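Okay, let's get going. I'd like to walk you through a structure today, so have a look at the screen.

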Amino acid sequence: MPPPKPFTLIAELSYQCPLHCPYCSNPVDIGDLRYRQELETEEWIRVFEEARGLGVLQLALTGGEPMLRRDLVALCQGAREAGLYSSLITAGTLLTRERAEALKAAGLDHVQISIQSPNREENDRIAGNRSFEKKIAAARAARELDFPLTINCVLHRQNLDRIEELLDLTVDLGAQRLELANTQYYGWAVLNQEALLPSWEQLRRGEEAVKRFRERVGPAVEVLWVLPDMYEELPKPCMGGWGRTAMVLAPNGDVLPCQAASTIPGLEFANVREHPLEWIWNKSDAFTRYRGTEWMEEPCRSCPLGRQEEDWGGCRCQALRLAGDAAATDPVCQFSPHHERVVSVRESAQTDDKAPPPGAADDPQFVYRTMKRPARVN
């Protein structure tokens with residue numbers, strides 16, 4: 001049976017970013033020299049054309065901060081000419097009215113702006129950068145230009161108690177969609193798990209606030225609410241299933257099945273400078289190793305709930321991190337022999353209902369995302 005066709009290309013244009021979010025999904029080794037060897041404009045546009053030929057419909061222009069690419073207008077033009085629906089996933093700090101107009105004229109279809117908190121001081125503390133006012137201005141500029149607007153807020157222990165303020169801010173900004181994505185523990189979030197993992201009570205209050213909002217606002221604002229894996233008993237189909245719906249293109253041209261796949265030792269990632277995108281999707285080691293169900297071990301192979309083609313085994317990177325084996329059953333699953341490790345992590349977050357105030361003696365300190373320059377070689 002031929003592999004499924006991809007639907008989405010996630011183009012990580014650059015890992016450079018003015019923010020320092022402690023839950024960033026970018027690799028913790030983003031200072032590695034290979035990530036600074038970013039694809040050229042022509043290479044990105046060629047990949048967009050190859051992606052469309054492969055069946056891709058949606059293009060996410062992300063990073064890092066994609067607006068640091070000086071050729072972003074040309075990339076949007078290339079995406080439009082390739083027939084892709086393009087979304088700009090940005091922190092918003094560089095999205096001025098003038099730049100938004102240029103991107104609109106080039107064919108950009110949609111804007112998504114991240115907000116770390118609806119509170120100015122808290123937003124800037126979490127982002128590690130004074131950015132709140134610029135984000136709000138960018139969101140208003142996007143709506144004035146009639147862009148479909150999504151607000152994204154990664155939720156965690158430090159901001160979950162402001163969820164009602166965030167919902168109100170979304171309405172005030174005129175956004176049509178709000179993504180409330182509770183932190184998933186990959187990349188920099190692994191280093192900050194103690195400071196980020198919320199309590200059950202925080203999640204309960206947040207979910208109730210979302211329910212009340214949906215009842216009050218109706219379909220005018222679509223709200224996506226996703227629980228963190230640590231509070232689930234069954235795994236999610238990570239990225240829609242390994243190598244089934246999406247591909248991630250790193251700044252240097254490496255193609256990955258998910259943002260964290262580079263943490264799996266021994267997995268080989270083909271590069272678009274050396275291979276056609278179609279071959280990478282259909283034949284490369286990174287996309288075929290955990291695609292489908294043949295690779296599954298027990299208890300996945302004989303799942304008592306018959307979920308093999310529903311969750312596709314869950315998350316391989318999470319299995320590696322918590323069970324020490326990327327082919328193991330995702331420990332989030334209640335049938336995993338390693339599920340107790342998830343339960344233990346979850347229970348450790350119940351010590352306090354709310355996060356301590358910043359600077360308090362028991363306040364876990366963030367390890368902020370950095371992009372250190374590699375050491376000079378003599």
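I'll talk about two helices, then the cavities, then the aromatic rings. One thing up front: this is a predicted model.

Let's start with helix α4, which runs over residues 120-127. Which of its residues are buried? Glu122, Asn123, Asp124, Ile126 and Ala127 are. Part of what covers those buried residues is helix α5, residues 132-144.

Now look at the two ends of α4. At the N-terminal end, Asn119 acts as the cap, with a side-chain oxygen 3.2 Å from the backbone nitrogen of Glu121. Just past the helix you come to Gly128, and its phi is positive, about 70 degrees.

Over in α5, pick out Ala141. Is Ala141 buried or exposed? Its relative accessibility is 5%, and the cut-off for buried is under 20%, so Ala141 counts as buried. If you go from Ala141 to Ala105, you cover 36 residues in sequence and 14 Å in space, C-alpha to C-alpha.

Okay, cavities. How many are there of 30 Å³ or more? Two. The largest one holds about 110 Å³ of space. Fifteen residues line that cavity, and the ones nearest its centre are Cys300, Cys303, Arg307, Asp311 and Cys333. By class, the lining is ten nonpolar, three polar and two charged residues.

The second largest cavity comes in at about 50 Å³. Around it you'll find Cys238, Met239, Trp242, Pro257, Cys258, Gly314, Cys315 and Arg316. That lining splits into six nonpolar, one polar and one charged.

Hang on to Trp242, since it brings us to the rings. Trp242 forms one aromatic cluster with Tyr290 and Trp295.

As for aromatic pairs, the count is seven. One of them is Trp44 with Phe48, a tilted pair at 6.2 Å centre to centre and 40 degrees between the planes. Why are these two about one helical turn apart? Because they sit four residues apart in helix α1, residues 41-54. In general, an α-helix has 3.6 residues a turn, so residues three or four places apart point the same way. Both Trp44 and Phe48 are buried.

Then there's Phe366 with Tyr368: ring centres 5.6 Å apart, planes at 75 degrees, so that pair is edge-to-face. Phe366 has 12% relative accessibility, so it counts as buried. Tyr368, at 30%, counts as partly exposed.

That's my tour, thanks for listening.

Note on methods
Residues are numbered from 1 along each chain as its sequence is written. This is a predicted model: local features need pLDDT of at least 70, side-chain atom pairs count only at pLDDT 80 or more; totals for chains, interfaces and linings use all residues. Side-chain values use heavy atoms; hydrogens and water are left out. Buried means under 20% relative accessible area, exposed over 50%, partly exposed in between (1.4 Å probe, protein chains only). Contact means heavy atoms within 4.5 Å. A polar contact is a pair of N or O atoms within 3.5 Å; within protein, one must be able to donate a hydrogen and the other to accept it, and residues adjacent in sequence count only if both atoms are side-chain atoms. On a 1 Å grid over the protein atoms alone, a cavity is a set of points where a 1.4 Å probe fits but cannot get out, and a pocket is an open set with protein on both sides within 12 Å along at least five of seven lines; lining residues have an atom within 4 Å of a point. Grid points are joined across faces, edges and corners, and a volume is the space filled by probe spheres set on the points. Ala, Val, Leu, Ile, Met, Phe, Trp, Tyr, Cys and Pro count as nonpolar, Asp, Glu, Lys and Arg as charged, and the others, Gly among them, as polar. Rings of Phe, Tyr and Trp (its six-membered ring) pair if their centres lie within 6.5 Å; planes under 30 degrees apart count as stacked, over 60 as edge-to-face and the rest as tilted.
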